[in-house]
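Colleague: Got a minute to go through this model with me? I'd like to hear the reasoning behind the labels.

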Amino acid sequence: MSSTIDSLPPNLAKIVQRFQRASDPKRRYEQLIWYGQRLKEFPEGDKVPENKVPGCASQVFVTATLEDDKVIFQGDSDSQLTKGLVGLLVEGLNGLTPSEIVQLTPDFIQETGLNVSLTPSRANGFYNIFKTMQKKALESQLIANG
């Protein structure tokens, strides 16, 4: 199991370990909400269809910009738990290169133990947020190189 953590980028590995220490599902939810609270204020002007995550029950928005070949994400959601998932991913993926982000697989959610307490629609939402962030990372690279 730890081989997966070892292959994760440091920030993401730290997040996974944090969730592994929270054995109680209630603590995991509190942890998730904490990640949502850490998100920077999301600009209203960025709440446009191009930044909306498809396939999510709640409203989820994600942007990505490239700074010194590293992707900087911002995100928001109108649901506390979904916002937590966005916060977790923003914190875990910020500062990586687009190629590092694209090479990741979303299986690390299993390592956190969150997947067992997420409803199927939230788990699906997590996957959609992750996929959107990968797509945005690639787009940010194309824009920067364009």
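Modeller: Sure. It's a predicted model, so let's begin with the lining of the largest pocket: five nonpolar residues, three polar and two charged.

Colleague: Which of the lining residues lie nearest the centre of that pocket, and how many line it?

Modeller: There are 10 in the lining, and S7, L8, P9, L104 and T105 lie nearest the centre. The volume of this pocket comes out at about 160 Å³.

Colleague: How do you know that R38 and E91 form a salt bridge?

Modeller: Their closest N and O atoms are 2.9 Å apart. The cut-off is 4 Å between a Lys or Arg side-chain nitrogen and an Asp or Glu carboxyl oxygen, so the pair qualifies. The two residues sit 53 apart along the chain, R38 in helix 3 and E91 in helix 4.

Colleague: And why is R38 called partly exposed?

Modeller: Its relative accessible area is 45%, and partly exposed covers what falls between 20% and 50%, so R38 fits. E91 has 22%, so E91 gets that label too.

Colleague: What makes D76 and K47 a salt bridge?

Modeller: Their N to O distance is 3.1 Å, which is within 4 Å, so they count. D76 is in strand 2 and K47 in the loop between helix 3 and strand 1, so this contact ties together parts 29 residues apart in sequence.

Colleague: Is D76 buried or exposed?

Modeller: Buried: D76 has 11% relative accessibility, and the label needs under 20%. K47, at 30%, counts as partly exposed.

Colleague: What other partner does D76 have in a salt bridge?

Modeller: K83, with the closest N and O atoms 3.2 Å apart. K83 is partly exposed, at 26%. Salt bridges link E44, K47, D76 and K83 into a network, and the structure holds seven salt bridges.

Colleague: What makes you say helix 4 is mostly covered?

Modeller: Of its 14 residues, 11 are buried, among them L81, L85, L88 and L93. The helix runs from 80 to 93 and spans 20 Å between its first and last C-alpha, close to the 20 Å expected. G95 follows helix 4 and has a positive phi, near 85 degrees.

Colleague: Where does the largest share of the largest nonpolar core come from?

Modeller: Let me start with the core itself. It has 36 residues, and those touching the most other members are F73, L88, L89, L93, F108, I129 and M133. Helix 2, helix 3, strand 1, strand 2, helix 4, helix 6 and helix 8 each supply at least two residues. The largest share is from helix 4, with seven. As a general point, nonpolar side chains tend to be buried together in soluble globular proteins.

Colleague: Last one: why is D68 called exposed?

Modeller: D68 has 74% relative accessibility, and the cut-off is over 50%, so the label holds. D69 passes as well, at 54%. D68 is in the loop between strand 1 and strand 2, and D69 is found in that loop too.

Colleague: What is the phi of D68, and of D69?

Modeller: Positive for D68, near 50 degrees, in a residue other than glycine. D69, not a glycine either, has a positive phi of about 65 degrees. Most residues other than glycine have a negative phi.

Terms used:
Residues are numbered from 1 along each chain as its sequence is written. This is a predicted model: local features need pLDDT of at least 70, side-chain atom pairs count only at pLDDT 80 or more; totals for chains, interfaces and linings use all residues. Side-chain values use heavy atoms; hydrogens and water are left out. Helices (H or I, at least four residues) and strands (E, at least two) are DSSP runs, numbered from the N terminus. The expected span of a helix is 1.5 Å times one less than its number of residues. Buried means under 20% relative accessible area, exposed over 50%, partly exposed in between (1.4 Å probe, protein chains only). On a 1 Å grid over the protein atoms alone, a cavity is a set of points where a 1.4 Å probe fits but cannot get out, and a pocket is an open set with protein on both sides within 12 Å along at least five of seven lines; lining residues have an atom within 4 Å of a point. Grid points are joined across faces, edges and corners, and a volume is the space filled by probe spheres set on the points. Ala, Val, Leu, Ile, Met, Phe, Trp, Tyr, Cys and Pro count as nonpolar, Asp, Glu, Lys and Arg as charged, and the others, Gly among them, as polar. A nonpolar core is a set of buried Ala, Val, Leu, Ile, Met, Phe, Trp, Tyr and Cys residues joined through side-chain atoms within 4.5 Å.
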